[in-house]
Amino acid sequence: QDCVTIDLYESHTERKHYDNRANLYAIIMATEHLERAYAQDCVTNAEYTTECNKLISQFKIAESALGKNESTESFMKKYQMDCPRAVNRLLIMGVPESLRSSDDGDRALTVATTVANFITAMDVLKLEQLDVDVLLPHLIDLRNSLVQISGTPKDWGPIQKVENWLVKLNFMRAHDRIDENDSRQLYLDLDSAYSEFNQYLKTKR
């Protein structure tokens with residue numbers, strides 16, 4: 001008896017649709033496995049950070065292909081994906097786990113980079129560049145430099161303030177734009193974080 005071939009798609013558009021969904025599924029699963037491996041010390045900090053940043057970037061692109069009528073949460077529910085670690089990393093935090101540097105040799109460079117990142121992020125707000133895809137990269141850079149400042153407490157204010165905004169923006173779409181109230185609040189939080197950052201540096205002199 002001859003086998004019957006059933007095509008999943010009838011056009012290039014439908015094939016692209018299925019390819020996009022398969023890609024998103026693979027990224028979510030890969031992130032879940034990476035987070036588990038990192039929690040079990042199966043990968044180094046450098047390997048984790050590199051791969052996690054790559055997956056987060058790929059996720060942003062893959063998620064945008066879902067369209068406005070479907071969310072990542074509904075996608076995961078539809079395909080019964082039990083990936084709590086991936087949800088936390090991709091949908092809530094949007095950045096790799098904090099990695100704190102134990103090497104003080106690069107402290108001056110880290111401080112200089114952090115100062116530059118603060119100034120850049122605040123200048124973006126002054127210029128009223130309020131789109132999520134503009135703000136998010138600057139806040140990620142700022143957060144990544146802040147966590148490299150050695151000796152800070154786990155719940156250090158500047159990191160907490162920036163991460164709170166990362167969570168908020170990560171729930172928005174790339175083409176979304178924060179309103180004037182959020183812009184003023186974000187600037188105030190960054191200014192407060194910058195002051196606390198400078199106060200901390202004075203105590204370490």
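These notebook entries record what I looked up about salt bridges in this predicted model.

**Entry 1. Overall count.** I looked up how many salt bridges the structure holds and found ten. I then examined three of the pairs in turn, among them Glu-32 with Arg-36.

**Entry 2. Glu-32 and Arg-36.** I noted that these two side chains meet in a salt bridge, with 3.3 Å from N to O. Both residues lie in helix H1 (residues 12–39), and because they are four residues apart there, about one helical turn separates them. I looked up the accessibility of each partner: Glu-32 is buried at 1% relative accessibility, whereas Arg-36 is partly exposed at 35%.

**Entry 3. Arg-143 and Glu-163.** I found a salt bridge between Arg-143 and Glu-163, whose closest N and O atoms are 3.0 Å apart. Arg-143 belongs to helix H6 (residues 132–146) and Glu-163 to helix H7 (residues 157–170), so the pair ties together parts that are 20 residues apart in sequence. Arg-143 has a relative accessible area of 2% and is buried; Glu-163 also counts as buried, at 11% relative accessibility.

**Entry 4. Glu-196 and Lys-161.** I recorded a salt bridge between the side chains of Glu-196 and Lys-161, at 3.7 Å from N to O. This pair links distant parts of the chain, with Glu-196 in helix H8 (residues 180–203) and Lys-161 in helix H7, 35 residues apart. I found Glu-196 partly exposed, with a relative accessible area of 31%, and Lys-161 partly exposed, with 24%.

**Entry 5. A network.** Finally, I looked up shared partners: salt bridges join Glu-32, Arg-36 and Arg-85 into one network.

Key:
Residues are numbered from 1 along each chain as its sequence is written. This is a predicted model: local features need pLDDT of at least 70, side-chain atom pairs count only at pLDDT 80 or more; totals for chains, interfaces and linings use all residues. Side-chain values use heavy atoms; hydrogens and water are left out. A salt bridge is a side-chain nitrogen of Lys or Arg within 4 Å of a carboxyl oxygen of Asp or Glu. Helices (H or I, at least four residues) and strands (E, at least two) are DSSP runs, numbered from the N terminus. Buried means under 20% relative accessible area, exposed over 50%, partly exposed in between (1.4 Å probe, protein chains only).
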